Amino acid sequence: MVDVDAAGAPRYTFYGLDGILFHPELAAVQKQWNVMIGIHVGSIPIVSAQSSEHLLELIAAAPKRVLVSFDPNVRLAIEPDADRWRESVERLDSTPTSSK
């Protein structure tokens with residue numbers, strides 16, 4: 001949900017994120033490696049306890065020819081710990097892709 005405060009600045013509120021999985025299953029994606037050209041990762045899934053490990057596993061398994069992109073849109077309303085955001089981005093940055 002987006003709202004505007006008295007100064008006209010947008011305020012964002014997120015509902016229902018606790019039960020959402022933000023990642024595809026690795027086995028399903030591996031069947032598509034031959035046609036896949038990229039994986040795009042958003043900032044919310046990379047700090048989500050439900051999704052971060054799965055996304056890092058997916059990226060590590062991706063063939064080197066698959067482009068990995070990241071949208072570093074930090075949302076402190078979702079995860080107020082800036083160190084968690086930093087650590088998540090660093091883990092993503094240091095995840096090698098497969099040598100396939």
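## Overall architecture

A residue is termed buried under 20% relative accessible area, exposed over 50%, and partly exposed in between. The structure described here is a predicted model. Its secondary structure comprises four helices and four strands, arranged along the sequence in the pattern β-β-α-β-α-α-β-α. The chain has 100 residues, of which 29% count as buried.

## Strands 3 and 4

Strand 3 spans residues 38-42, and its side chains alternate between two faces. I39 and V41 point to one face and are buried, whereas G38, H40 and G42 point to the other and are not. Such alternation between the two faces of the sheet is what a regular strand shows in general.

Strand 3 pairs with strand 4 in the parallel sense, over five bridges. Within this pairing, I39 of strand 3 stands opposite V68 of strand 4.

## Salt bridges

Three salt bridges are present in the structure. One of them joins the side chains of E53 and R91, with an N to O distance of 2.7 Å. This pair links distant parts of the chain: E53 belongs to helix 3 (residues 52-61) and R91 to helix 4, 38 residues apart. Both partners are partly exposed, E53 with a relative accessible area of 44% and R91 with one of 38%.

Another salt bridge is formed by R86 and D83, whose side chains meet at 2.6 Å, N to O. Because R86 and D83 lie three residues apart in helix 4, about one helical turn separates them. R86 is partly exposed at 47% relative accessibility, and D83 is likewise partly exposed at 44%.

R84 forms a salt bridge with E79, and the closest N and O atoms of this pair are 3.8 Å apart. R84 has 28% relative accessibility and therefore counts as partly exposed. E79, in contrast, has a relative accessible area of 18% and is therefore buried.

## Negative surface patch

D81, E87, E90 and D93 gather in a patch of negative charge on the surface. Among them, D81 is found in the loop between strand 4 (67-71) and helix 4 (82-93). Why is D81 described as partly exposed? Its relative accessible area is 37%, and the partly exposed class lies between the 20% and 50% limits. A residue must have over 30% relative accessible area and no salt bridge to enter a patch, so D81, at 37%, meets the area requirement.

Terms used. Residues numbered from 1 in each chain as written. Predicted model: local features only at pLDDT ≥ 70, side-chain atom pairs only at ≥ 80, totals over all residues. Heavy atoms only, no water. Patch = residues over 30% accessible without salt bridge, like charges linked within 9 Å, V, L, I, M, F, W, Y side chains within 5 Å. Areas by Shrake-Rupley, 256 points an atom, 1.4 Å probe, with all protein chains shown as cover. Salt bridge = Lys/Arg side-chain N within 4 Å of Asp/Glu carboxyl O. Lys, Arg positive; Asp, Glu negative; His and termini not counted. Charge placed at Lys NZ, Arg CZ, Asp CG, Glu CD. Buried < 20%, exposed > 50% of the residue type's maximum accessible area, 1.4 Å probe, protein only. Pairing = 2+ DSSP bridges.
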